[in-house]
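Open the model in your viewer and keep the sequence panel in reach. Each stop below gives a selection and then what is found there.

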Amino acid sequence: MKKSIVTVATVTVVGFSSAFFHTQVQAETLGNLKDKQTEIKSDREAIKADLSKAEAKIADVLVELEELNQQITQFDDAMKENKAQIEKVQADIAKKEQEVDKLEKEIATLEDAIEKRFNKLKERAVSYQKSGGDVNYLEVIFGSKDFGEFINRVSAVNKITNSDANLIEEQEKDKKEVNEKKDKVVNSLEEMEALQVELKGIQETIKQQKEENEKKEAKLKDKKADLEGLKEDLEIKDSNLADLQAEVRQSMQVERQPEATTRSNASSSNASNGGELQTLSSKSETKSKSSSAAPKMSAGSGSVSTIVNSGRQHLGVPYVWGGKGPSGFDCSGFVSWAFAQGGYSIPSSTSALVNVGQKISYSEIQPGDLVFFDTYKKNGHVAIYMGGGNFIGAQSTPGVSIESMSNSYWSNAFKGHVRRVL
């Protein structure tokens, strides 16, 4: 910024000196005119140099703006994807809650039926005990007046002890089965609620990143406007100097200099200035193209380095739940995609990746091994170890990134689970 202020101040001085010189040009000697011509040429070269710098900076800003716009678009897409996932999880949670309510009603109905059957059984037992004169089933049976009554009482007691007891046993069995179903639904519900919390956190993180990029975009647009204003001022000063330069040439002709020499000098000056402009424009264009070119990666097919380094060109791609490609990754989707770049096919879900390959100790870890972290659940996050205590993966924030195993968050979440796939 200071440099721009100095440049403007220099141009302002040139402008004042040029205005003063305009009133004196007719009275100058040939020698003075040549000195003025040299001075103007030097001033114009300085202005053109500043113009070239301004154009290069504008080109750089345009490249940065384009990259930011692409990132903002990616964040918009990621937010849409995650919103859809959140809505799906919410719908699943609502269904599970309905299942729980239904099962709870079934359990309550069974418990009520069991209680009623049990009360009836107690009433019948008391009745038979009273008819036998004591509190013992044997007394009920052996208190019969004759054989016929004995058979009737035995049948009645058997009916109570067998049919009612069997019914209660079946109801208890049904109740146990319903409770087991309820436990499964509740566990599934808790897991989905945990996913919902994580997705909402991811959505908020992406939103914040998008807002930060929009702030950067606004600053870059202001910077571009300032640079374009500076460029316009420089072009005006250069135009004024060009007019003054033409007046000097006319005055030199009046001093009876050879017309051919004057024309030759003017042509040489124009050619020089034109060449400078063309060279500066070419440099600016080359720089712009160079800045906008995407970095290229080179790696051998099937090598560990291909897998480990495949994500470098996608650093910053936002996290998308269920994403399996460069438009958006989740953790397991990125791991599966990276191995595919090396020619290997592995599962794209964390629950499946915990069983692939061979489990090894952290002391044996090598680049290309999978590392697991206990985040919202056990082994809830997976990434690829790069070596040097670093890993690469699709983190919920800031998306595809390289992280350190010694980072406080990741070191607490890492419980030593490492698997070697290759």
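Select T29. With a relative accessibility of 44%, T29 counts as partly exposed; buried means under 20% relative accessible area, exposed over 50%, and partly exposed in between (1.4 Å probe, protein chains only). T29 sits in the loop between α1 (2-24) and α2 (30-132). Helices (H or I, at least four residues) and strands (E, at least two) are DSSP runs, numbered from the N terminus. Now add M252 to the selection. T29 and M252 are 223 residues apart in sequence, yet their C-alpha atoms are 8.6 Å apart in space.

This is a predicted model: local features need pLDDT of at least 70, side-chain atom pairs count only at pLDDT 80 or more, and totals for chains, interfaces and linings use all residues. Residues are numbered from 1 along each chain as its sequence is written, and side-chain values use heavy atoms, with hydrogens and water left out.

**Whole chain**

Colour by pLDDT, the predictor's confidence in each residue, from 0 to 100. The chain mean is 74, and 70% of the residues reach 70 or more. Select 1-27: pLDDT is below 50 there, and this stretch has 23 contacts in the model beyond near neighbours in sequence. Contact means heavy atoms within 4.5 Å. Next select 264-301. Here too pLDDT stays under 50, and the model has 30 contacts beyond four places in sequence. Where pLDDT is low, the predicted coordinates should not be read in detail.

Switch to cartoon. The chain has nine helices and eight strands. Of its 422 residues, 36% count as buried. Among contacts between residues at least 6 apart in sequence, 69% join residues at least 24 apart.

**K324 and α7**

Select K324, in strand β1 (residues 324-325). Is K324 buried or partly exposed? It counts as partly exposed, at 45% relative accessibility. Beyond four places in sequence, K324 is in contact with F329, G333, W337 and S348. Measure from K324 to V335: the two are 11 residues apart along the chain, with 8.8 Å between their C-alpha atoms.

Now select α7 (331-341). Nine of the 11 residues of α7 are buried, so the helix is mostly covered. Among the buried residues are C331, F334, V335 and W337. Step past the helix to G343, which follows α7 and has a positive phi near 90°.

**Strands β4 to β7**

Select β5 (residues 381-387). Six of the seven residues of β5 are buried, so the strand is largely enclosed by the rest of the structure.

Centre on I384, within β5. I384 is buried, with a relative accessible area of 0%. Which residues does I384 contact, leaving aside neighbours within four places in sequence? They are I307, V308, F334, V335, A338, F339, G368, D369, L370, F391 and I392. F372 lies 12 residues from I384 in sequence and 9.0 Å away in space, C-alpha to C-alpha.

Now follow the pairing; two strands pair if DSSP finds at least two bridges between them. β4 (residues 370-373) runs antiparallel to β5, joined by four bridges. Show V371 and A383: A383 in β5 is the bridge partner of V371. On to β6 (390-395). Three bridges join β5 to β6, again antiparallel. G387 stands opposite N390 in β6. The hairpin of β5 and β6 has two residues between the strands, and G388 takes a positive phi near 65° there.

Add β7 (residues 399-404), which is antiparallel to β6 and joined to β6 by six bridges. These two strands form a hairpin with three residues between them. G393 stands opposite S401 in β7.

**The second largest pocket**

Last stop: select Y319, W321, C331, Y376 and G380. Around them, the second largest pocket holds about 450 Å³ of space. Of the 26 lining residues, these five are the closest to its centre. The elements giving two or more residues to the lining are α4 (147-254), α7, α8 (350-353), β6 and α9 (408-413). α4 gives the largest share, three residues.

A pocket is an open set of points on a 1 Å grid over the protein atoms alone, where a 1.4 Å probe fits, with protein on both sides within 12 Å along at least five of seven lines; lining residues have an atom within 4 Å of a point. Grid points are joined across faces, edges and corners, and a volume is the space filled by probe spheres set on the points.

Colour the lining by class: eight residues are nonpolar, 13 polar and five charged. Ala, Val, Leu, Ile, Met, Phe, Trp, Tyr, Cys and Pro count as nonpolar, Asp, Glu, Lys and Arg as charged, and the others, Gly among them, as polar.
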